[in-house]
Number of protein chains: 2
Amino acid sequence: MLISEVSEKYSMTQDTLRYYERVGLIPPVPRKPNGIRDYDDYSCGWIEFIHCMRKTGVPVEVLVEYVRLYQQGSKTKEIRKELLLTELNRLDDRIANLQATRERLASKIENYDDLEKS
Amino acid sequence: MLISEVSEKYSMTQDTLRYYERVGLIPPVPRKPNGIRDYDDYSCGWIEFIHCMRKTGVPVEVLVEYVRLYQQGSKTKEIRKELLLTELNRLDDRIANLQATRERLASKIENYDDLEKS
DNA sequence: GTATCATCTGGTGTTAACACCAAGTCAATA
DNA sequence: TATTGACTTGGTGTTAACACCAGATGATAC
């Protein structure tokens with residue numbers, strides 16, 4: 001798969017795809033003999049996963065560390081799991097925070113409704 | 001109330017407080033005759049509200065617009081309400097997105113658990 | 001063979017949201 | 001009265017996460 005197709009498939013720019021590989025957000029992508037990237041299912045899987053994590057705000061730095069550990073094989077399983085757990089907790093915190101603010105906003109809006117009636 | 005006290009109270013830097021005022025994230029803060037900021041309850045209320053919104057990711061730009069409308073008086077009530085509604089919807093979308101990713105992460109972690117048992 | 005592509009690498013530019021700094025003012029304190 | 005300390009403004013610096021650009025290469029179309 002060419003970078004243009006992957007770019008299309010996941011709605012990401014080619015620049016972002018190359019950036020992700022450069023900084024280690026995904027493992028190295030296989031190349032054709034002439035050096036052109038040739039994405040396979042494995043690479044696409046990573047891209048999809050990283051894209052999803054990035055969209056929800058997991059920092060690049062954390063994901064780079066995860067990929068680094070992953071590439072060191074099964075001996076890092078335990079650490080990787082811990083890393084994911086940490087992010088899960090962070091996510092839960094953020095969700096709770098957002099929900100609280102959501103309620104606050106909602107009641108502020110209700111206030112506006114009340115004011116209209118008067 | 002001095003800026004140092006407000007800074008302490010809301011755990012924000014003095015720089016951030018001045019920045020918020022400068023860009024219009026909060027209405028102008030009253031000053032003592034010598035020009036020093038003297039925050040009252042009204043100002044503190046704004047700071048608390050804006051701080052809360054910013055923490056959850058509502059863009060500065062949107063909040064500036066809200067404050068601008070607010071300062072134009074009650075004739076902008078309807079627009080302000082619409083603005084808040086838009087943000088509420090955005091928040092709901094983001095929360096849904098985060099929750100989906102949360103579940104994904106959680107099951108990935110469960111996978112790690114399974115692998116350990118074998 | 002040459003014009004047209006898409007791709008490559010290496011480097012610089014951008015944006016949001018502050019953080020930091022310097023030089024000046026003012027009030028209180030020793 | 002001299003020093004200390006908090007505050008002021010105006011300006012520049014920082015960081016993350018890409019976006020954009022230029023020049024070179026290699027395959028394909030004509």
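Three helices, one from chain A and two from chain B, each supply at least two residues of the surface near DNA strand C: α1 (3–10) of chain A, and α2 (14–23) and α4 (60–70) of chain B. Here a helix is a DSSP run of H or I at least four residues long, numbered from the N terminus, and "near" puts a residue's C-beta atom, placed from the backbone, within 6 Å of the strand. This is a predicted model, in which local features need pLDDT of at least 70 and side-chain atom pairs count only at pLDDT 80 or more, while totals for chains, interfaces and linings use all residues. Residues are numbered from 1 along each chain as its sequence is written, with chains lettered from A and ligands numbered from 1 in the order in which they are written.

Which helix gives the largest share of that surface near DNA strand C? It is α2(B), with three residues. In all, 16 residues surround the strand, and the closest are A:Leu2, A:Ser4, A:Arg37, B:Thr16 and B:Val60.

Now look at where the two chains meet. The contact (C-beta atoms, placed from the backbone, within 7 Å) takes 25 residues from each of chains A and B. On the side of chain B that touches chain A, α3 (41–55) and α5 (77–117) each supply at least two residues, and α5(B) gives the most, with 22.

Finally, compare the copies. Chain B can be laid on chain A with an RMSD of 0.1 Å by a turn of 180° and a shift of 0.0 Å along the axis, superposed by least squares on C-alpha atoms of residues with pLDDT of at least 70 in both. The two copies are therefore related as by a two-fold rotation axis. In chain B, the C-alpha of B:Ile95 is nearest the axis, 3.2 Å from it.

How values were computed
Contact = placed C-beta atoms within 7 Å.
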